[in-house]
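Me: I am new to reading protein models and would like a close look at one part. Could you walk me through how the helices pack around the core, and explain each term as you go?

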Amino acid sequence: MRRTAPIQLDPRLRERLAKRGFRFTPQREQVYVVLLRERDHPTAEEVFIRAKHEMPEISMATVYNCLDALVKCGLARQVTLERGATRFCPNMREHGHFYCDICKGIFDVELPAAPGIALPAGYTAERYDIAIHGRCPACAGAKRNEAESFDRAGRAKRFLDTALS
Ligand SMILES: [Zn+2]
Ligand SMILES: [Zn+2]
């Protein structure tokens, strides 16, 4: 039985992998689809569990290998907070991470082009790795329409349009 991928990435993904000397494999595609489908910054183990739904034969070692290839190709980045497990994020635009202290969710927040942090003389910022802690709209008991404006599915959809363009 042939797996039907709801997100068609193959030609563009093949190109991005090839540019960095990686081979396209269905496993790499599957792992990338898992990252794009639910952008909640899963750990490698969570990616493994999700990937197994559609590809039962995939191994944990293969998932590690795929994540490594995606990171090296600039298709995903690693996110680490304190001593927590490494998580993976397919959003390669400059952004910070909002950590909800209640549900432990991790959300992408867009950053202004220049976050306006005054640095001591002689320091040049090249990228920002910003962690913000608090409560997400759902946990803060925000009004329903406000929570909906933060809807992950909508954000994922918009992101998909630009992910590989
Ligand atoms: Zn929350
Ligand atoms: Zn992120």
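Reply: Here is a guided look at the packed helices, followed by a few single residues.

Please keep in mind that this is a predicted model, where local features need pLDDT of at least 70 and side-chain atom pairs count only at pLDDT 80 or more, while totals for chains, interfaces and linings use all residues. Residues are numbered from 1 along each chain as its sequence is written, and chains are lettered from A and ligands numbered from 1 in the order in which they are written.

Let's start with the overall layout. The protein chain has 6 helices and 5 strands; helices (H or I, at least four residues) and strands (E, at least two) are DSSP runs, numbered from the N terminus. Along the sequence, the pattern reads α-α-α-α-β-β-β-β-β-α-α. Of the 165 residues in the protein chain, 17% count as buried. A residue is buried if 20 or more other C-beta atoms lie within 10 Å of its own, exposed if 12 or fewer, and partly exposed in between, with C-beta atoms placed from the backbone.

Now for the core. The largest nonpolar core has 18 residues, and those with the most contacts inside it are Val31, Tyr32, Leu35, Val47, Val63, Leu67 and Leu70. Such a core is a set of buried Ala, Val, Leu, Ile, Met, Phe, Trp, Tyr and Cys residues joined through C-beta atoms within 7 Å. The elements that give two or more residues to this core are H1, H2, H3 and helix H4 (60-72).

How do these helices meet? Two packed helices are described by the angle between their axes and the distance between the axes. Axes are lines fitted to C-alpha atoms, for helices over the stretch in contact, and angles run from 0 to 180 degrees between N-to-C directions.

Take H2 and H3 to begin with. Helix H2 (residues 26-37) packs with helix H3 (residues 44-54) at an angle of about 115°, and their axes are 9 Å apart. Their crossing is right-handed; a crossing is left-handed if the near helix is turned anticlockwise from the far one by less than a right angle, and right-handed if clockwise. On the H2 side the contact is made by Gln30, Val31, Val34 and Leu35, and on the H3 side by Val47, Arg50, Ala51 and Glu54. Residues are in contact if their C-beta atoms, placed from the backbone, lie within 7 Å. The contact of H2 with H3 divides into 5 nonpolar, 1 polar and 2 charged residues. For these classes, Ala, Val, Leu, Ile, Met, Phe, Trp, Tyr, Cys and Pro count as nonpolar, Asp, Glu, Lys and Arg as charged, and the others, Gly among them, as polar.

Next come H3 and H4, which pack at an angle of about 115° with their axes 9 Å apart. H3 and H4 are therefore roughly perpendicular to each other; angles under 35 degrees count as roughly parallel, over 145 as roughly antiparallel, 65 to 115 as roughly perpendicular and the rest as oblique. H3 passes H4 in a right-handed crossing. Ala44, Val47, Phe48 and Ala51 of H3 make the contact with Met60, Val63, Tyr64 and Leu67 of H4. By class, the contact of H3 with H4 has 8 nonpolar, no polar and no charged residues.

The last pair is H2 and H4, whose axes come within 9 Å and cross at roughly 75°. That makes H2 roughly perpendicular to H4. H2 brings Gln27, Arg28, Val31 and Tyr32 to this contact, and H4 brings Thr62, Val63, Cys66, Leu67, Ala69 and Leu70. The contact of H2 with H4 divides into 7 nonpolar, 2 polar and 1 charged.

Valine 31 is a good residue to click on. Not counting residues up to four places away in sequence, valine 31 touches Val47, Ala51, Val63, Cys66, Leu67 and Leu70.

A few other residues are worth finding too. Leucine 13 is found in helix H1 (residues 10-19) and counts as buried because 22 other C-beta atoms lie within 10 Å. Histidine 41 sits in the loop between H2 and H3. Histidine 41 is also buried, with 23 other C-beta atoms within 10 Å. Most residues other than glycine have a negative phi, yet histidine 41, which is not a glycine, has a positive phi of about 60°.

Methods
Two residues are in contact if their C-beta atoms, placed from the backbone, lie within 7 Å.
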